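Here is a short, friendly briefing to read with the model open beside you. Please have a look at the sequence and structure first.

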Amino acid sequence: MATEPPVLPGAEEARRWAAEELAKPEYREAAPSWLDTLWRNFLDWLQSLDGSRGDAPSVPGVAIALVIAGIIAAAVILARPRLNARIRQPKDVFELGNSLAAADYRARAEAAAAAENWGDAVVDRFRAMVRTAEHRTILDPQPGRTADEVAQALSVQFAAEAGPLRWAAETFDGIRYGNRPAGNGQYREMVGLDTRLEAMKPASAGSAGTVPVP
């Protein structure tokens with residue numbers, strides 16, 4: 001049975017197709033900067049084919065389509081590993097094989113704060129809070145536990161601190177895995193939460209709920 005021949009785009013339509021494809025956020029965010037430069041140069045070349053330059057040579061639509069397909073393929077190939085790394089990136093609270101005690105994490109946090117390395121200070125203070133909960137058997141030690149899982153589990157035991165715990169988990173992930181900047185204010189809030197939880201009884205310790213330890 002006869003089939004219709006493929007429709008080949010003109011220069012303007014080809015430019016529009018490629019622009020729409022490569023303008024997708026996943027390409028813009030994951031592709032290396034040199035690919036973006038190559039793309040811009042390619043757009044300039046396509047612009048020269050629209051008849052605005054009298055001395056520009058005529059290029060067949062097939063050649064334009066092949067070049068566009070090649071650039072899009074390169075963008076996909078180069079962007080995919082970075083995108084997959086983001087999707088698969090674990091968000092564990094603790095580094096693999098790290099068995100530091102809560103006091104060690106607090107000491108590291110204070111040292112980082114003294115050096116104004118606020119991101120490290122916030123992250124280690126959160127870890128100190130989690131390690132304390134493990135030492136108090138409020139949380140079972142669990143490899144691969146995420147900050148969000150910590151917040152959910154501790155919110156059951158310390159309902160009055162559910163909001164701050166959600167904030168702490170989001171802040172930890174944002175700094176540790178999202179390259180979000182941190183400051184003294186965030187560190188002090190994390191210290192306050194850690195201190196409050198350490199002084200409170202979990203709900204499972206008695207019917208009175210989360211009350212300060214006398």
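The notes below go through the nonpolar core, one of its helices and the largest pocket.

Please keep in mind that this is a predicted model. Its largest nonpolar core has 34 residues, and helices H5, H6, H7, H8 and H9 each supply at least two of them.

**The nonpolar core**
- Val93, Phe126, Leu154 and Tyr187 are the residues with the most contacts inside the largest nonpolar core.
- The contributing helices are H5 (102-114), H6 (118-135), H7 (147-157), H8 (162-176) and H9 (184-198).
- H6 gives the most to this core, namely nine residues.
- If you set aside its neighbours within four places in sequence, Val93 is in contact with Phe126, Arg127, Val130, Arg145, Thr146, Ala147, Val150 and Phe172.

**Helix H8**
- The 15 residues of H8 reach 21 Å from first C-alpha to last, close to the 21 Å expected at 1.5 Å a residue.
- Buried in H8 are Ala162, Leu165, Ala168, Ala169, Thr171, Phe172, Asp173, Gly174 and Ile175.
- H6, H7 and H9 are among the elements that cover these buried residues.
- Phe172, one of the buried residues of H8, is also one of the contacts of Val93.

**The largest pocket**
- The largest pocket holds about 240 Å³ of space.
- Its lining is made up of 15 residues, and Phe94, Glu95, Gln142, Pro143 and Gly144 lie nearest the centre.
- Sorted by class, six residues of the lining are nonpolar, four are polar and five are charged.

Terms used
Residues are numbered from 1 along each chain as its sequence is written. This is a predicted model: local features need pLDDT of at least 70, side-chain atom pairs count only at pLDDT 80 or more; totals for chains, interfaces and linings use all residues. Side-chain values use heavy atoms; hydrogens and water are left out. On a 1 Å grid over the protein atoms alone, a cavity is a set of points where a 1.4 Å probe fits but cannot get out, and a pocket is an open set with protein on both sides within 12 Å along at least five of seven lines; lining residues have an atom within 4 Å of a point. Grid points are joined across faces, edges and corners, and a volume is the space filled by probe spheres set on the points. Ala, Val, Leu, Ile, Met, Phe, Trp, Tyr, Cys and Pro count as nonpolar, Asp, Glu, Lys and Arg as charged, and the others, Gly among them, as polar. A nonpolar core is a set of buried Ala, Val, Leu, Ile, Met, Phe, Trp, Tyr and Cys residues joined through side-chain atoms within 4.5 Å. Buried means under 20% relative accessible area, exposed over 50%, partly exposed in between (1.4 Å probe, protein chains only). Helices (H or I, at least four residues) and strands (E, at least two) are DSSP runs, numbered from the N terminus. Contact means heavy atoms within 4.5 Å. The expected span of a helix is 1.5 Å times one less than its number of residues.
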